[in-house]
Amino acid sequence: MNYREACNIEDLRLIARSRLPRVAYDFLARGTEDEVTLRANRSDFEHIRFVPRTMVDVSKRSTRTTLWGKTFNAPFGIAPTGASGLYCFDADVALGRAADAAGVPYVLSTASFVPMERVAREAGGTKWFQLYMSKDHELAERLVNRARDAGFEALVITTDVVVGGNREYNQRNHFEVPFRLHLGNMVDGLFHPRWLTGVFLRTLLSSGIPRFQNLDVNTGGRITSPTLTEFRTRRTELNWSDFAWLRRLWPGKLLIKGIMTVEDARLAAEHGADGIFVSNHGGRQLDGAPSPIEVLPNIAAGVGDRLAIMLDSGVRRGSDIVKALALGADMVFVGRATLFGAAAGGEPGIRRALELLRSEVERVMALLGCNSTRELGPQYLRFDSAWQGGRSQDAGMRDEGGATRPEARSA
């Protein structure tokens, strides 16, 4: 199948799986330990049903969404994805360009293979920078100043990687940072010549050994370098005082990624955050954690009038995006979906992924009888009676069938 023939994100995933060596595909698609949370990120969306209205004029419906006074063509953006250069050549630039063409925001990862300055120069559009922060404020300040000088509009600090998740498949595939060549990986690469020549060798010839260009302005962080291990140190010491320091340093919008409780969402607001990402890191950190869509209603009810709420993890359909918006998210971000597109067809494949999601959002809105994303609310949803836990017991209102649903957020 060609990426142009893909009818949905799952089609793009299957194409990506066929084109990627196992070490690269597993790093992209899998979770951690028993992958309970990875599965819940998807299955929990399936417990939410739609309640469509009929005989509503939706001929002028629009997926346009406004955030902080800026209007985007769709209510979603591209989440930060580390090492995306494994999936297509210059992926970080390609993701930014595709986001610009789609009129949606793009969050560049600290762990990108392309310097943030080049992404800012060549990609265009609305760009945010995601920061992996350690206790080393000197290193963090250099990165933050680079992002500010390059014109990134928002800073997203990821806080749920105090230690690395237990990704056992990486051990089996001999994928580690610092990276070391292994016979099995080399042989697997030879069996995927399109990836070997079009991604790996092209990167090698263009810029040498892939390196995380945004880790440090002095060392440059090759993926084979022990400096990467040093970069991860002292994250266990981070606390809210470090965020307060960052708030004083950064002049633009500041968001925290990895919020999963109302308590932490309130602390984020109290410490000056402009927004939060309700996220469990795509099921790649703490196995057994709830899905973001499960905890979203309570978080939205608790802090939705104080800061902007983003959601990521497990999103594969436009219907997932609509459900998250109806439960209180201001915007939804996708990561794996766009990397499946990158592996399937480079920048055109990413554009295909974004267009598939946008068209699905628009179709679902029409079938719901909804004309704008601001109209979306819990009145369009019902929960499966079997879907138990905090999402139903604490959410608030009861619908006609006895299931609970959250309070609607004000537009």
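Start by selecting Glu33: at 41% relative accessibility it counts as partly exposed, on a scale where buried means under 20% relative accessible area, exposed over 50%, and partly exposed in between (1.4 Å probe, protein chains only). Before you click on, note that this is a predicted model, where local features need pLDDT of at least 70, side-chain atom pairs count only at pLDDT 80 or more, and totals for chains, interfaces and linings use all residues. Residues are numbered from 1 along each chain as its sequence is written, and side-chain values use heavy atoms, with hydrogens and water left out.

**Stop 1: two glutamates in a loop**

Glu33 sits in the loop between H2 and helix H3 (36–46). The labels follow DSSP runs numbered from the N terminus: helices are H or I with at least four residues, strands are E with at least two. What is the sign of phi at Glu33? Phi is positive there, about 50 degrees, although Glu33 is not a glycine. Most residues other than glycine have a negative phi.

Now pick Glu35, in the loop between H2 and H3 as well. Its phi is positive too, near 60 degrees, and again the residue is not a glycine. Is Glu35 buried or exposed? Glu35 counts as buried because its relative accessibility is 13%.

**Stop 2: the largest pocket**

Next, select Phe27, Tyr132, Arg167, His281 and Arg284 and centre the view on them. The largest pocket holds about 1,200 Å³ of space, and of its 46 lining residues those five are the closest to its centre. The elements that give two or more residues to the lining include helix H2 (22–29), strand S6 (127–132) and helix H15 (336–368). Colour the lining by type and you get 21 nonpolar, 16 polar and nine charged residues. The classes are: Ala, Val, Leu, Ile, Met, Phe, Trp, Tyr, Cys and Pro nonpolar; Asp, Glu, Lys and Arg charged; the others, Gly among them, polar.

The search runs on a 1 Å grid over the protein atoms alone: a pocket is an open set of points with protein on both sides within 12 Å along at least five of seven lines, a cavity is a set where a 1.4 Å probe fits but cannot get out, and lining residues have an atom within 4 Å of a point. Points are joined across faces, edges and corners, and a volume is the space filled by probe spheres set on them.

**Stop 3: a cavity**

Keep Tyr132 selected and add Met133, Thr158, Thr159, Asp160, Val161, Val162, Arg235 and Leu238: together they line the largest cavity. How many cavities of 30 Å³ or more are there? The count comes to one. The largest cavity has a volume of about 50 Å³, and its lining divides into five nonpolar, two polar and two charged residues.

**Stop 4: salt bridges**

A salt bridge here is a side-chain nitrogen of Lys or Arg within 4 Å of a carboxyl oxygen of Asp or Glu, and the count comes to 20. Try Glu117 and Arg146, whose side chains meet at 2.8 Å, N to O. This pair links distant parts of the chain, 29 residues apart: Glu117 is in helix H5 (residues 116–123), Arg146 in helix H6 (residues 137–150). Glu117 is partly exposed at 30% relative accessibility, whereas Arg146 is buried at 12%.

Move on to Arg247 and Asp274, where the closest N and O atoms are 2.9 Å apart. Arg247 is in helix H11 (residues 240–249) and Asp274 in the loop between helix H12 (262–270) and strand S9 (275–278). Both Arg247 and Asp274 are buried.

Then show Arg317 and Glu360, a salt bridge at 2.8 Å, N to O. Arg317 is partly exposed at 35% relative accessibility, while Glu360 is buried at 7%. For a network of salt bridges, select Asp90, Arg97, Arg118 and Glu122.

**Stop 5: out to the surface**

Finish on Leu183, Met186, Val187 and Phe191, which form a nonpolar patch on the surface with about 440 Å² of accessible area together. Patch members have over 30% relative accessible area and no salt bridge; nonpolar side chains (Val, Leu, Ile, Met, Phe, Trp, Tyr) are joined within 5 Å, like charges within 9 Å. Areas come from the Shrake-Rupley method with a 1.4 Å probe, and for residues only the protein chains shown count as cover. Leu183 lies in helix H8 (residues 183–190) and counts as exposed, at 60% relative accessibility.
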